[in-house]
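These are my notebook entries on a structure that I had not examined before. I set down what I looked up, in the order in which I looked.

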2 protein chains.
Amino acid sequence: MKIKDIGEFGFISRLASRCHQTLPEGVVGIGDDCAIIPAPDGRQYAISTDLLVEGVHFLTSEISGNDLGYKALAVNLSDLAAAGAEPCGAFLSMALPEDADVDFLDSFADGFNGLAQQFHCPLLGGDTTLSKQGIIINICVIGIRDGNITVSRANSQPGDIVCVTGALGDSGAGLEYILAPDKERDSTANALIRRHLHPTSRIEEGKFLARCKYVHSMMDLSDGLASDIKHILERSGVSADIELDKLPTSPLLQQKYGNSPSKLYHYALHGGEDYELLVTVDSKHFADLNVEYQKRFGTALYAVGRIVCGDPQHVNYIENGFGTMPIGSSWEHFC
Amino acid sequence: MKIKDIGEFGFISRLASRCHQTLPEGVVGIGDDCAIIPAPDGRQYAISTDLLVEGVHFLTSEISGNDLGYKALAVNLSDLAAAGAEPCGAFLSMALPEDADVDFLDSFADGFNGLAQQFHCPLLGGDTTLSKQGIIINICVIGIRDGNITVSRANSQPGDIVCVTGALGDSGAGLEYILAPDKERDSTANALIRRHLHPTSRIEEGKFLARCKYVHSMMDLSDGLASDIKHILERSGVSADIELDKLPTSPLLQQKYGNSPSKLYHYALHGGEDYELLVTVDSKHFADLNVEYQKRFGTALYAVGRIVCGDPQHVNYIENGFGTMPIGSSWEHFC
């Protein structure tokens, strides 16, 4: 049997069950965006790791060193945001071909460090080694949060409002231009590519939301809403109604694909790499929370649906208040 | 300029200087085997990470999944041992080709978990993704230690005894057999290969030594004594006399190469991947410490030389009490 026969999540569940150990009190392991271990003064460290492989996650012909350094850290900080944690430090492992260009690597360090400085996330260690093919980057980040935070993927309740912290789909649309370097790029295309390369870090938003007791579940959107929401639904044992016409999309995406709702839905649901937060909130308190959120951050929480009782494997997609739309399969490595 | 022109340590120092940030109190960054962050009750977390690449660190044709899982965790635990820390948990990132064999990966999980169970080091998280070529493994480990431990690579003082926790060179000699699969393997060769695949974890020894105030510096031997000791010498601003005929070698290695002292010295100094601890100890207290150490662990600390004043770039190698031996260059990636 090959890994493509069981898929990424099949492999993870196999690995997790073979490596199961009882965890000490205060430690939370596999299942959320971050693991949790106790920190001083009753606080908690949140820890996450992401592995990026040239040819799979990026093409050095299509990304500058600076953008790669920025993005490699940004996708990790996004996991801390989903745990409501403030960054403390990062560990950077790199495997490099022996002819890797030092100017590119200097530029990588500057991109990494620009974002690291912004969020006070110092480089604390790492590993450097030879690669036989392409650049490989693993980052492990550590953040800290209050000890009474309980937000997780497993706490969603029927009736919760499902919302996201920003427009979806730009990154996926930008990636399509990167993967087709011969396709003509106007200023809108370049702006979409920029959104793919420079996701907004939602650290402050995540900290605020995690502290609100009416926020039940939170995760970051890396694979696309249609795929990612299933993790919340499975862990919480619930289903969801998602209203397609409420999916927030940017003026950029609307400019490109505004005449084709199905294109907009496609990018918003499946584009991936938006790194916005997906949040479920007690419906009675959603309006008040959103007022406070907008006051603090100048942008809204976009309600896109509701948590309902039902089969976690099945999401009910609704268009203009009518019926159920069939929505294609989710993003998964190996399959 | 290419990375092979500046080498692994040239790249690390370039990266560290470009990413420099002032660290909060209680945080220790790049320079030792582990970074340190504060833990509850005045204790300290020690954190380290290692990246293993197929074709560079292992050949799947020459290692079982079980041995690979064991060794991938063992090399990380060795960094915790060098910091005197007890394991708390591990994060495992894997990039896998789409045709990776699930039986091999199950066996990997079992090898990993066997060692993880032994040292109460649960798998807390990770990342799984596609690889275009070969298996890539990154492990990040977290350990905990008392808050008053100050052992580091930077504390060696002239007069200190330089010692190691076990026989050196078996692993390097075993690797030579792995890299020459056609070379005939007798039972000694197979035992040397086993030493390469299953390094002894010195967690308990590291915890004991780190708590002793007469132990000034400690690190783990991954690249070979001749290369690794330079990190201690540079950080501490000292030099060392190493007595070649005191380098401990195993009966296995002596059986293979006992008629050639230069072969024994070669493997002991340059073989690499021994994962024993390299320790410098206040000479006045070395004998008492060694008695206590032998009582606890049933093996000795092997004194192999002394820290002296002098150029950190130059180690004085002595044979039978006479003269200086020229010893070849050290192991470094990219060069």
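Entry 1, the two copies. To compare copies, I superposed them by least squares on the C-alpha atoms of residues with pLDDT of at least 70 in both. The model is predicted: local features need pLDDT of at least 70, side-chain atom pairs count only at pLDDT 80 or more, and totals for chains, interfaces and linings use all residues. Residues are numbered from 1 along each chain as its sequence is written, and chains are lettered from A and ligands numbered from 1 in the order in which they are written. I found that a turn of 180 degrees with a shift of 0.0 Å along the axis lays chain B on chain A, at an RMSD of 0.0 Å. The two copies are thus related as by a two-fold rotation axis. Pro40(B) is the residue of chain B that comes closest to this axis, its C-alpha lying at 2.0 Å.

Entry 2, the contact between the chains. I took residues to be in contact if their C-beta atoms, placed from the backbone, lie within 7 Å. Chain B gives 67 residues to the contact and chain A gives 68. On the side of chain B that touches chain A, I noted 37 nonpolar, 17 polar and 13 charged residues. Here Ala, Val, Leu, Ile, Met, Phe, Trp, Tyr, Cys and Pro count as nonpolar, Asp, Glu, Lys and Arg as charged, and the others, Gly among them, as polar.

Entry 3, the sheet of chain A. Helices (H or I, at least four residues) and strands (E, at least two) are DSSP runs, numbered from the N terminus; two strands pair if DSSP finds at least two bridges between them. I recorded an open sheet of five strands in the order 1-2-5-3-4, with mixed pairing. Strand 1 (35–38) and strand 4 (123–130) are its edge strands, each pairing on one side only. Strand 3 (residues 86–96) runs parallel to strand 4, and seven bridges join them. Ala95(A) stands opposite Thr129(A) in strand 4.

Entry 4, helix 2 of chain A. How do helix 2 and helix 6 of chain A pack? Helix 2 (residues 65–82) and helix 6 (residues 203–211) of chain A pack at about 15 degrees, with their axes 7 Å apart. Axes are lines fitted to C-alpha atoms, for helices over the stretch in contact, and angles run from 0 to 180 degrees between N-to-C directions. Leu77(A), Leu80(A), Ala81(A) and Ala82(A) of helix 2 meet Ile203(A), Glu205(A) and Gly206(A) of helix 6. I counted five nonpolar, one polar and one charged among the residues of this contact.
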